[in-house]
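Let's take a walk through this model, starting at the ligand and working outwards through sheets, domains and a few backbone oddities.

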Amino acid sequence: MTPPPPGIRLEGVGLDFGNAPLFRGLDLLVAAGHMTVLLGASGVGKTSLLRMIGGLAAPDYGRITADDDLPLAGRVAWMGQQDLLLPWASVLDNVTLGARLRGERPDLDRARHLLGCVGLADQAAALPAALSGGMRQRAALARVLYENRPVVLMDEPFSALDSITRARMQDLAGRMLAARTVVLITHDPLEACRLADAMLLMAGNPATITSLAVPEGAAPRPVDAPAVLSAQASLLRRMMQ
Ligand SMILES: Nc1ncnc2c1ncn2[C@@H]1O[C@H](COP(=O)(O)OP(=O)(O)OP(=O)(O)O)[C@@H](O)[C@H]1O
């Protein structure tokens, strides 16, 4: 039986760049099996925090641990702002890259199925250079879904997509990542209101984190649900303050 995904504890987490603290003393529990959406102005420190949760950088202060007290390493899938597709490998080989690096036999049927889900069924043999920015981002999404990890960290995963494709990919990610521990950074209030089980706003210098109310209903919420639209408006107003 697959163990449940862990929550993630941040205790007294701080990071400095040069002499200036980016944030200090952050305490937070990222809920297990939920989609936590992290919002905040550009440069406030969202990516830096996500990198530390993913083990890509170490905090200067405090600690980040899984709430089941097992190591987080090996349980995290990462989708950064850059798609990090290998330029010399086909889209299909990029999706199965993790498996091949681990010396596993890639599950090509599953990879092709995921490429179909992100609308890239016909691009499996293409090289990344032949794809548009949005198609590359969808290939990166297929790769992160292929990894099938209990913890998924995504930094503006849909930023390059047109609004229709973005809504479709939000639905896909909301469905396929349900019951995993996900932290997703976005600048898009509608995306936050559609996908969040928990919503966090990072603001200030040094930055602090405030928990915001999420709209009623299970995610992914419909784009036109009245609760989503009114929460989106309030959130935008709040972010503009
Ligand atoms: N390696 C680094 N060395 C020095 N400063 C850095 C480094 N990485 C990030 N910073 C600075 O830390 C601050 C926060 O950067 P970060 O990328 O975490 O912000 P962000 O909230 O994710 O921004 P955005 O929404 O634009 O992606 C910025 O002022 C950035 O210049």
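A residue counts as near a molecule or strand if its C-beta atom, placed from the backbone, lies within 6 Å of it. This is a predicted model, where local features need pLDDT of at least 70, side-chain atom pairs count only at pLDDT 80 or more, and totals for chains, interfaces and linings use all residues. Residues are numbered from 1 along each chain as its sequence is written.

**Around the ligand**

Which residues surround the ligand? The shell is made up of Phe17, Leu22, Gly40, Ser42, Gly43, Val44, Gly45, Lys46, Thr47 and Ser48. Sorted by class, that gives 3 nonpolar, 6 polar and 1 charged residues. For the record, Ala, Val, Leu, Ile, Met, Phe, Trp, Tyr, Cys and Pro count as nonpolar, Asp, Glu, Lys and Arg as charged, and the others, Gly among them, as polar. Helix α1 supplies the largest share of the shell, with 3 residues. Helices (H or I, at least four residues) and strands (E, at least two) are DSSP runs, numbered from the N terminus.

**The three-stranded sheet**

One open sheet has 3 strands in the order β2-β1-β4, with antiparallel pairing; two strands pair if DSSP finds at least two bridges between them. β2 (20–30) and β4 (61–66) sit at the edges with a single partner strand each, so one side of each has no neighbour in the sheet. From one strand to the next, the twist averages 20°. Angles like this run from 0 to 180 degrees between N-to-C directions, with axes as lines fitted to C-alpha atoms, for helices over the stretch in contact.

β1 covers residues 8–17 and pairs with β4 in the antiparallel sense over 5 bridges; within that pairing, Gly14 has Tyr61 of β4 as its bridge partner. Helix α1 (residues 46–53) packs on this sheet and touches β1, β2 and β4, its direction making about 125° with that of β1. Contact here means that the C-beta atoms of two residues, placed from the backbone, lie within 7 Å. On the other pairing, β1 and β2 run antiparallel over 7 bridges, and Val13 stands opposite Leu26 in β2. Their hairpin has 2 residues between the strands, and Gly18 there takes a positive phi near 65°.

**The six-stranded sheet**

Another open sheet has 6 strands in the order β5-β6-β7-β3-β8-β9, and its pairing is mixed. β5 and β9 are the edge strands, each pairing on one side only. Neighbouring strands are turned by 20° against each other on average, direction ignored. Strand β3 (residues 35–40) pairs with β8 in the parallel sense over 5 bridges, and Thr36 stands opposite Ala198 in β8. α1 packs on this sheet as well, touching β3, β6 (151–155), β7 (181–185) and β8, and its direction makes about 155° with that of β7.

**Domains**

How is the protein chain divided? Domain 1 takes in 17–75 + 151–241, and domain 2 is 86–148; these bounds come from an automatic or database domain assignment. Taken over C-alpha atoms, the two centres are separated by 24 Å. Across the boundary, 11 residues of domain 1 are in contact with 9 residues of domain 2. Helix α6 (residues 163–176) gives the most to domain 1's side, with 5 residues. By class, that side has 9 nonpolar, 1 polar and 1 charged residues.

UniProt, in an unreviewed entry, lists residues 8–231 as "domain: ABC transporter". Its positions are given in the numbering used here, feature names are shortened, and annotations may be inferred rather than shown by experiment. Over residues 8–231 the chain is 31% helix and 26% strand, with the end C-alpha atoms 26 Å apart.

**Backbone oddities**

Two cis peptide bonds go in the table.

| Cis bond | Omega | Place of the proline |
|---|---|---|
| Asn205 to Pro206 | near -5° | Pro206: loop between β8 (198–203) and β9 (208–212) |
| Ala219 to Pro220 | about 0° | Pro220: loop between β9 and α8 (226–240) |

Where does Asp69 lie? Asp69 is in the loop between β4 and β5 (76–79), and its phi is near 65°, a positive value in a residue other than glycine.
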